[in-house]
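Here are some notes for a colleague who is opening this structure for the first time. They are set out as numbered points, to be read with the model in view.

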Amino acid sequence: MLNKWWTERARLRQHRFMPHDHSDHPHALLPPEPALRVKALETILRDKGLIDPAALEEIIDTYQNKIGPQNGARVVAKAWLDDGFRAALMQDATSVVRDLGFYGRQGEHMVVVENTPDRHNMVVCTLCSCYPWPLLGIPPGWYKSDAYRARAVREPRKVLAEFGMTLPDSTAVRVWDSTAEVRYLVLPMRPEGTEGMDEDALAALVTRDSMIGTGLAHVPKGAAT
Amino acid sequence: MDCPSLPDFTAATGLEEPAFREPWHAQVFALTVHLNEAGQFTWAEWVHRFSTVLRQYGAERSLNGGEDYFNAWLATLEALLQDAGMASAAQVEDARAAWETAYLTTPHGAPVALKASRRGE
């Protein structure tokens, strides 16, 4: 089946990649081959009553516009501010984030792993790209790459160095491998110079990468480092 | 084992990147999530199949997590739907060809839709 697919791609490529002058183009632009195949699946499944087009739109809108690292950043900021919240989060993240309105549509469990001066956590999915969608949205391309998936476990310090992170030798690195059932979120260390900051200000310091473990939370401007 | 370098890490780090780079990436993702939520397959089954396909694809060359990742995703969904009897290879090819024809015969700028004759099949 794949061979046929690629043959089709080759057949269509010449047409598709020809220079297009939109002003006198006789017909609609042909989408890329995989896009046509997805449309084909949608057509077949819709005709059989197996999918609801409105539900598809809702899913795309949710993941494109509503869910993203800002959700996870909110959780992290709350944990920095409230020891009781942090304790509950470490104990049962699934319930705590569900109470905030962030729940896994695939029924997965959330586990939060906390960075300390002694231990740095980072998250990977060696199988494919399991990721805490409700808290971080769709993973970035590098998280899905073979290079990250293979190397994060084998040589985490080297990978972190490529992200610009050098940890002291005294800090152990723990790599967590996500699965279909369990998704991890790193709770980064609260930066220096953030005393007295409120939840919104703290959340703004929390980057996506700091919650995957390939970065640190930002230090506020003007704070001594 | 080959040890590929990481794809444009520093360029990607800290920058806003769209959730989906191509519309069809979003569509095939949504289709899969929707079918899972409708109970057509479990997410564990999806992960098992998808990781197998990723391994096969990755054996040929290192995947960069972009277009090739979603090509593997689509191939996984096609195989799953075929095995489940929901969309055979022949049906997919038929519908794909119908969409291609629709695009090539619709005047530029007009909405593209399948012919009523096909929809009535």
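1. A cavity, in the sense used here, is a set of grid points where a 1.4 Å probe fits but cannot get out. Please keep in mind throughout that the model is predicted. With that meaning, a search of the whole structure finds 4 cavities of 30 Å³ or more, and the largest cavity holds about 90 Å³ of space.

2. Which residues lie nearest the centre of the largest cavity? They are A:Lys144, B:Ala19, B:Arg21, B:Gly65 and B:Phe70, out of a lining of 14 residues. Two elements give two or more residues each to this lining, namely α8 of chain A and α4 (67–83) of chain B. By character, the lining residues divide into 6 nonpolar, 4 polar and 4 charged.

3. Helix α8 of chain A also deserves attention for its aromatic contact. Over all chains the structure holds 24 aromatic pairs, and one of them joins A:Trp142 to A:Phe163 in an edge-to-face arrangement, with 4.8 Å from centre to centre and 70° between the planes. Because A:Trp142 belongs to α8 (residues 141–144) while A:Phe163 belongs to the loop between α10 (156–162) and β3 (172–177), the pair ties together parts of chain A that are 21 residues apart in sequence. Buried means under 20% relative accessible area, so A:Trp142, at 2%, is buried, and A:Phe163, at 10%, counts as buried too.

4. A set of aromatic residues drawn from both chains should be viewed together. A:Tyr63 and A:Trp133 form one aromatic cluster with residues of chain B, among them B:Phe20, B:Trp24, B:Phe29, B:Trp73 and B:Phe70. B:Phe70 is also among the residues that lie nearest the centre of the largest cavity. A:Trp133 has a further partner, since the charged end of A:Arg183 sits over its ring, 5.7 Å from the centre. Elsewhere, A:Lys39 lies over the face of B:Trp99, at 4.5 Å from the ring centre, and this contact runs from chain A to chain B.

5. Chain B, read along its sequence, follows the pattern α-α-α-α-α-α, with 6 helices and 0 strands. Of its 121 residues, 47% count as buried. One such residue is B:Ala26, which lies in helix α2 (residues 23–37) of chain B and, at 4% relative accessibility, counts as buried. Although B:Ala26 and B:Phe70 are 44 residues apart in sequence, their C-alpha atoms are 9.5 Å apart in space.

6. In chain A, strand β2 (residues 119–124) is mostly covered, with 5 of its 6 residues buried. How does this strand meet β3(A), in the parallel or the antiparallel sense? The two strands pair in the parallel sense, over 6 bridges, and within this pairing A:His120 of chain A stands opposite A:Val173 in β3(A).

7. A last point concerns A:Pro188, which is found in the loop between β4 (182–187) and α11 (199–203) of chain A. Although A:Pro188 belongs to a loop, this residue is buried, with a relative accessible area of 4%. The C-alpha atoms of A:Pro188 and A:Thr116 are separated by 8.0 Å, while the two residues are 72 residues apart along the chain.

Key: Residues numbered from 1 in each chain as written. Chains lettered and ligands numbered in written order. Predicted model: local features only at pLDDT ≥ 70, side-chain atom pairs only at ≥ 80, totals over all residues. Heavy atoms only, no water. Phe/Tyr/Trp six-rings, centres within 6.5 Å; stacked < 30°, edge-to-face > 60°. Helix = DSSP H or I, 4+ residues; strand = E, 2+ residues; numbered from the N terminus. Buried < 20%, exposed > 50% of the residue type's maximum accessible area, 1.4 Å probe, protein only. Lys NZ or Arg CZ within 6 Å of the ring centre and 35° of its normal. Pairing = 2+ DSSP bridges. 1 Å grid on protein atoms, 1.4 Å probe; cavity = no way out; pocket = protein on both sides within 12 Å on 5 of 7 lines; lining within 4 Å. Points joined across faces, edges and corners; volume = space filled by probe spheres on them. Nonpolar A, V, L, I, M, F, W, Y, C, P; charged D, E, K, R; others polar.
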